[in-house]
Each structure stands twice: as structure tokens, then as C-alpha cells.
Number of protein chains: 2
Amino acid sequence: MTTDSPIGIFDSGFGGLTVVKAIQAALPAERIIYFGDTARVPYGPKSQITIRKYAADDTAILMRYQPKMIIVACNTVSALALDVVEKSCGNIPVIGVLKAGASLAVQVTKNKRIGVIGTQATVGSNAYACAINALDSDIEVISQACPLFVPLAEEGFINHPATRLLAEHYLTEIRQRGIDTLVLGCTHYPILRQVIEETIGNGIAIIDSAEAVALRTRELLMESGLLNQSSKAAVPHLLVSDLPQKFSMLYQLFMGSELPDVDLVEV
Amino acid sequence: MTTDSPIGIFDSGFGGLTVVKAIQAALPAERIIYFGDTARVPYGPKSQITIRKYAADDTAILMRYQPKMIIVACNTVSALALDVVEKSCGNIPVIGVLKAGASLAVQVTKNKRIGVIGTQATVGSNAYACAINALDSDIEVISQACPLFVPLAEEGFINHPATRLLAEHYLTEIRQRGIDTLVLGCTHYPILRQVIEETIGNGIAIIDSAEAVALRTRELLMESGLLNQSSKAAVPHLLVSDLPQKFSMLYQLFMGSELPDVDLVEV
């Protein structure tokens, strides 16, 4: 393993591209191998058994590229199967978006009331509350599953009145609970950030777990002496298990740039 | 194969339960084996290669039960992989929801203008237009993909204002094209039938492919002498590839009855 080894990142589908984007912005020289399990997306509504099986498959695919680190860009896997990833990848470090987001939220909150939104599986697991309370047991965590945010983001309904109505539906209660910090506990949600911010109202800090994970990645690479020192910006290497028609549109939506070459892998 | 052999039905997830319900209503004595590929749902946004692979897997699972007939309750598979199902099941008859719905629509339309709504894959395949024009080449088919209808139905947003706004978004253009018949080309859509009917307006006949397939099933069983003559109503046997938390809620939503025993199968 060298400084030039890639960082492996996986997600259930496209959502983890928000993590790729944040890492590219923070660490442009790092080579990234991204796997999106587009043949089996979404993970959020599925059961723990299935999610754990998929997490092992996804890790095995990335391990073929001998990465120096694995980033679990899927909150659902971070919540329910991080131990599966750790067991499947030997001794290399693993960063889950969930712990990175939880840790940043604990640093940011002043009134010790944190809201968390995510998929049904993530919220049902209570993993954010556990991670936050492991750092500070005085913090109250108010969680809300927002299952329609993923399809709305994937279909590009970024600013549609229906998206606003559904944001209102999901966020009304959490808004009334006096939180000062809201964790976007799903890597798709930054795509809907504007609507979420406007619905939740002023004065609430939004924690984007993609940005949190980029900060944590830099720390960890520096500690372990594995930071890539090259001055050349790297292009991410994309792997997917299915190549749907709308892939190119979605890539542009998430990344704001043209689609590079993509390899299809079987799961 | 006997009159007592089961009818095998599969779908990507829960949507095909609308077909189970229609068959139970029309043919209560028939034993039904239903497989829902809940570990890999949805199929609609995925590519043809992946959908064809999944169709072969799904058929193989049902063939273990030696069915007298297979019903493809998934419009996406009916559109893109019916030949795969036919090849994988030997000589038993196969009914796809798509042809059944297309055939009924051709009988119903008077002005020869038919609208079809479905998933991205179904609409992108143009299979409804092909099936309709094979029966009557004078008919004009106007198609519209409505990708958010599946998650809205699966989340139970049956009558929410956001569902009405999205129906308006998807159906405005098709409504202006002078159709007199609208095919619900996805087995989830009957769940949203009321909103769809109110949005598309009066005087347009709605074709529910679940009902169409039940009519076709009865015909085919009578022709082949395989109609079950028992006077006892059978309880469907359910197989799924994943058992999510909300399964019971969704079953009640689709079937209007309590969940029977469910077996988990690996895909």
C-alpha cells in the first residue's frame, strides 16, 4: 500500500457521488475507485440481513483494486453493516459517513438538540442517536425517516412544488422540536439541500455527511502518512452493477461535470 | 401438471399483488405462488441486461413449484424480457400483463387514441405501442413514464397533495392529446387509481392490467382444461427475496387483507 493507492468508496447507487465530490474538492490528488450498486439500489427500504449481504459484496468488489482506505458512502450500510465492511477488508481503515456526520454534528450543536433525517433503515437502526450519544450522552436526537427524498433526488425533482410539500410533510414535526443542528443522514439529501434548508427554517446548522467524511479522510490519511502528494488532479474510476439510461444525467446532477468512463461489474 | 397445480406469479416487488388480488377475485379456487423480488426492487429504472437476468432468476424460483402457468405481473419484465421467461419455463403457458392490458385497451378504445403510463424501462421499450399496433395499426399510442408513482404507492402516499401535484406533472400533456383510454402500465398504479382518474379527467376509460390479466388467465385455463374446479378458496403462497419492516403494511395496502405466511428465498 502506497500514497498512490486508491481510496475505495461505495454506495447503493448514485448518492455516494456527493462524497466523491467532497473528497475531490478537499483532496484533488487522491485516486478514487467508486462502486455504485445500481442493480440493487435502493438499500434504505430493505432488511438488515439483505443490507449486510450487499455490504460484503460491495467491499469485495473494491478490494480487487487494493485500496488504502474504504469509505462507506452509504448511511444505510454505515448504520447496519459497518462491521461487515471492516471484517471484509483486512487491516485497512474504514470510514463510515454516519460516524463522521455524527461527530461533526456534536461539535456544531450549541443547545444539544440534533435532528437526523435518513432512510427507513438508517432511522430504524437508531445508529445516529447511538453514535451521537457515545460522544455526548446529554444530547437529544430527534430522527425522521424521509423515504421519498431518494427517488425525488434520483429523478431530479430538486425544486418542484411536490418536493416542497413532501419536505413539509417530513420536516414539520422535527422543526417544532427546537433543534439547532440537522444531519443530512443520507448521501442523496445534499441534492435537495436547498428545499430542506428552506423548509427547516433559518438558524439551523445543516450537517452534510459528505463534507464531514472528507474532513475525516484528510485527517486519517495525514495521521497514517498515506496522503497523496501529487500535484495532478485525479479522475475518479467509476464501477456500477447496472448502467441505466439516465446514468449520465444523474452523474451531471450529482457531480456537476461530464461523465468519465464507467465499468460494469456483476454482483 | 393437473388442475390443482399452482399458478406462478412474479413481480419486482409488491406491485404484482394487484394481479394476485384480481386473480383471486376472478378465480378463487386457483392456488397461487407469488414471488416478489423485494431484495432488488425496483426494476423500472434499471437496464435491459439487468432486467433480463432478473427475469430468468425469478422464473427459476417459481419453476421449483411446478406451476401450470406463469404470469409475469411486472410490466417492465413483460416489456423487456418475456422471451426470457418463455425460454426458462419449458412448455407451460406464460401470460404477461403487458399483452393482456394492450389487448383490452384495443377492445375498449373508440377514437383509436390510447395513453399508456409506466416505468422508465417500460415506456422506453415502446413495447405497449408495438403490442397495440400489432392488433390495430391505426391506433395512436401516447406514452408517459411516471417514475415517482412506484415509490409514492410503496410509501402509501395514496391521496397526498404531493401525489396530486406529481400526477398533474406527469399527466398534463397526455390529457391534452385527446385519448379516450388510459392503460395503467405498471402493477403499482392501481393503488393510485383514484388520483390518476381525477387528474386525467372524466370520460377516459382506465385499463387496469391486473384485471385484464385475470380475464386472460381464465380464458387460457378454460381452453387448456386446467381450470381448478374446487369450491374451496385458496390462500396465496408468498415468496420474497427480502422481508422489509413495512411488508405487512404494504400487503394490507395492496390486498386489503391480513398477511399470510411468507417464505424468504435467496436470489
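**Entry 1: helices and a surface patch**

I began by noting that helices (H or I, at least four residues) and strands (E, at least two) are DSSP runs, numbered from the N terminus. With that in hand I placed A:Ile49 in helix H2 (residues 48–63) of chain A. I also wrote down that this is a predicted model, in which local features need pLDDT of at least 70, side-chain atom pairs count only at pLDDT 80 or more, and totals for chains, interfaces and linings use all residues. Residues are numbered from 1 along each chain as its sequence is written, chains are lettered from A and ligands numbered from 1 in the order in which they are written, and side-chain values use heavy atoms, with hydrogens and water left out.

Is A:Ile49 buried or exposed? I found that A:Ile49 is exposed, with a relative accessible area of 64%, where buried means under 20% relative accessible area, exposed over 50%, and partly exposed in between (1.4 Å probe, protein chains only). Together with B:Leu243 and B:Leu264, A:Ile49 forms a nonpolar patch on the surface, and the accessible area of the three together is about 310 Å². Patches are made of residues with over 30% relative accessible area and no salt bridge, with like charges joined within 9 Å and nonpolar side chains (Val, Leu, Ile, Met, Phe, Trp, Tyr) within 5 Å. The accessible areas come from the Shrake-Rupley method with a 1.4 Å probe, and for residues only the protein chains shown count as cover.

**Entry 2: salt bridges**

Next I looked up salt bridges (a side-chain nitrogen of Lys or Arg within 4 Å of a carboxyl oxygen of Asp or Glu), and over all chains the structure holds 32 of them.

In one of them, the side chains of A:Lys87 and A:Asp83 meet at 3.8 Å, N to O. The two residues are separated by about one helical turn, because they are 4 residues apart in helix H4 (residues 82–88) of chain A. I recalled that an α-helix has 3.6 residues a turn, so residues three or four places apart point the same way. A:Lys87 is exposed at a relative accessible area of 70%, whereas A:Asp83 counts as partly exposed at 31%.

In chain B, I found a salt bridge between the side chains of B:Asp83 and B:Arg52 (2.9 Å, N to O). B:Asp83 lies in helix H4 (residues 82–88) of chain B and B:Arg52 in helix H2 (residues 48–63) of chain B, so this pair ties together parts that are 31 residues apart in sequence. Both are partly exposed, B:Asp83 at 30% and B:Arg52 at 27%.

A further salt bridge joins the side chains of B:Glu219 and B:Arg216 (2.7 Å, N to O), and these two are 3 residues apart in helix H11 (residues 209–223) of chain B, which puts about one helical turn between them. I noted B:Glu219 as partly exposed at 42% and B:Arg216 as partly exposed at 31%.

**Entry 3: helix H11 of chain A**

How far apart are the end C-alpha atoms of helix H11 (residues 209–223) of chain A? They are 21 Å apart, which agrees with the 21 Å that its 15 residues should span at 1.5 Å a residue, since the expected span is 1.5 Å times one less than the number of residues. Among the buried residues of H11(A) I listed A:Ala210, A:Val213, A:Leu220 and A:Leu221. Just after H11(A), A:Gly225 takes a positive phi of about 65°.

**Entry 4: aromatic pairs**

Rings of Phe, Tyr and Trp (its six-membered ring) pair if their centres lie within 6.5 Å, and planes under 30 degrees apart count as stacked, over 60 as edge-to-face and the rest as tilted. Over all chains I found 8 aromatic pairs. One of them is the edge-to-face pair of A:Phe149 and A:Tyr170, with 5.3 Å from centre to centre and 90° between the planes. This pair links distant parts of the chain, as A:Phe149 is in helix H8 (residues 149–154) of chain A and A:Tyr170 in helix H9 (residues 161–175) of chain A, 21 residues apart. Both residues, A:Phe149 and A:Tyr170, are buried. I also noted that A:Phe149, A:Tyr170, A:Tyr189 and B:Phe157 form one aromatic cluster.
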